[in-house]
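Welcome, and please load the model in your viewer. We will go from stop to stop, selecting a few residues each time.

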Amino acid sequence: MTIQTADHAFWAHARGLVARRYADRGYLCKDLSTAPDGAEIICSAFSGAATVGTIAVRFDTEHGLRAEDLFGAELQALRAQGLRLCEFGRLALDQDVAESKELLAHLFHLAFMHAYRLAACNTLVIEVNPRHVPFYRRMLGFKVQGEARHNTRVNAPAVLMVLDLVWAGEQVSSFGGRPASASVTRTLYPFFYGVEEESAILAKLRQ
């Protein structure tokens, strides 16, 4: 299994995985365009040539964030505080690996490296179904920022959640690469890469 930033040639594979998994949950699959606009990076997990996991990192450029449609006022309030925003979205894992905490953590960690280590964003926003709020709060430290509203892109309710990436970086440094500590912290951070692995990946990303 390999986790890496996907070349544009593989973006269609990522879109296909998202569409399949959304359909499995009864979501619509509108606005899943993967045409590069300079504001988005796709991180994917591969088993051989097959894409088995994916997450999108979107930066706060003139193209805007996906959450703008439902939570524009909340995003503007965050920007007014001087925060540098980014957005994770289109998370999907193939059914065969859907229960892998390590795979999910590594995808999030690669996305985190692009957002925080490389782009110096300090605040992450996501839109999640209300039933997933407890997971993101408990396992990654997100906080609810906007009440549930109907997301027409997927025909389902969505809640805006926010993560302080400075705090997340501290968790990565303290617990990354130490899966045995998961029973103590009860978060996903012990399944992130360790310090040496992160440094090696960052060196490749900066080339």
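Where is the place of arginine 186? Select it, and you will land in the loop between α6 (182-185) and α7. Bear in mind as you look around that this is a predicted model. Arginine 186 has a positive phi of about 55°, although it is not a glycine. Most residues other than glycine have a negative phi. With a relative accessibility of 59%, arginine 186 counts as exposed.

**Stop 1: the whole chain**

Now zoom out and colour by secondary structure. You should find seven helices and seven strands. Following the sequence, their pattern reads β-α-β-β-α-β-α-β-α-β-β-α-α-α. The protein has 207 residues, and 47% of them count as buried. Among the contacts with a separation of 6 or more, 68% are between residues 24 or more positions apart.

**Stop 2: another positive phi**

Select alanine 120, in the loop between α3 and β5. Alanine 120 is not a glycine, yet its phi is positive, about 60°. Is alanine 120 buried, partly exposed or exposed? At 46% relative accessibility, it counts as partly exposed.

**Stop 3: the cysteines**

Step along to cysteine 121 and show the sulfur atoms. The nearest cysteine sulfur to that of cysteine 121 belongs to cysteine 86, 4.3 Å away, and cysteine 121 is in no disulfide. A disulfide would need the two sulfur atoms within 2.5 Å, so a pair at 4.3 Å does not qualify. The count for the model is zero disulfides. Cysteine 121 is buried, with a relative accessible area of 3%. Select cysteine 43 as well: this residue is also buried, and its relative accessible area is 0%.

**Stop 4: threonine 5**

Cysteine 43 is one of the residues that threonine 5 touches, so to speak, across the sequence. Threonine 5 sits in strand β1 (residues 2-5). Beyond residues up to four places away in sequence, threonine 5 touches Ile41, Ile42, Cys43, Leu110, His114 and Leu205. Try a distance label between the C-alpha atoms of threonine 5 and isoleucine 41: they are 7.3 Å apart, with their positions 36 residues apart along the chain. Threonine 5 counts as partly exposed, at 24% relative accessibility.

**Stop 5: a pocket**

Leu110 comes up again here. Show the second largest pocket, which holds about 230 Å³ of space. Which residues lie nearest its centre? They are Ile3, Gln4, Leu110, Ile201 and Lys204, out of a lining of eleven residues. Both β1 and α7 supply at least two residues of that lining.

**Stop 6: glutamate 198**

Stay with helix α7 and select glutamate 198. This residue is buried, with a relative accessible area of 8%. Show the side chains around it: apart from neighbours within four places in sequence, glutamate 198 is in contact with His109, Phe112, Met113, Arg117, Val172 and Tyr193.

**Stop 7: helix α5**

Val172 leads to the next selection, helix α5 (residues 165-175), where the buried residues are Leu165, Ala168, Gly169, Gln171 and Val172. Turn the view until you look down the axis of α5: the buried residues fall within an arc of 160°, so they line one face of the helix. What do these buried residues pack against? Their partners are β4 (85-93), α3 (101-118), β5 (123-128), β7 (156-164) and α7 (195-206).

Next, look at the two ends. At the start of α5, a side-chain oxygen of aspartate 164 comes to within 2.9 Å of the backbone nitrogen of valine 166. After α5 comes glycine 177, with a positive phi near 80°.

**Stop 8: proline 157**

For the last stop, go to strand β7 and select proline 157. Which residues is proline 157 in contact with, leaving aside its neighbours within four places in sequence? The list is Val128, Asn129, Pro130, Arg149, His150 and Asn151. The C-alpha atoms of proline 157 and asparagine 129 are separated by 5.8 Å, although the two residues are 28 apart along the chain. Proline 157 is partly exposed, with a relative accessible area of 39%.

Technical notes
Residues numbered from 1 in each chain as written. Predicted model: local features only at pLDDT ≥ 70, side-chain atom pairs only at ≥ 80, totals over all residues. Heavy atoms only, no water. Buried < 20%, exposed > 50% of the residue type's maximum accessible area, 1.4 Å probe, protein only. Helix = DSSP H or I, 4+ residues; strand = E, 2+ residues; numbered from the N terminus. Arc of directions from axis to C-beta. Contact = heavy atoms within 4.5 Å. Polar contact = N/O pair within 3.5 Å; in protein donor to acceptor, adjacent residues only side chain to side chain. 1 Å grid on protein atoms, 1.4 Å probe; cavity = no way out; pocket = protein on both sides within 12 Å on 5 of 7 lines; lining within 4 Å. Points joined across faces, edges and corners; volume = space filled by probe spheres on them.
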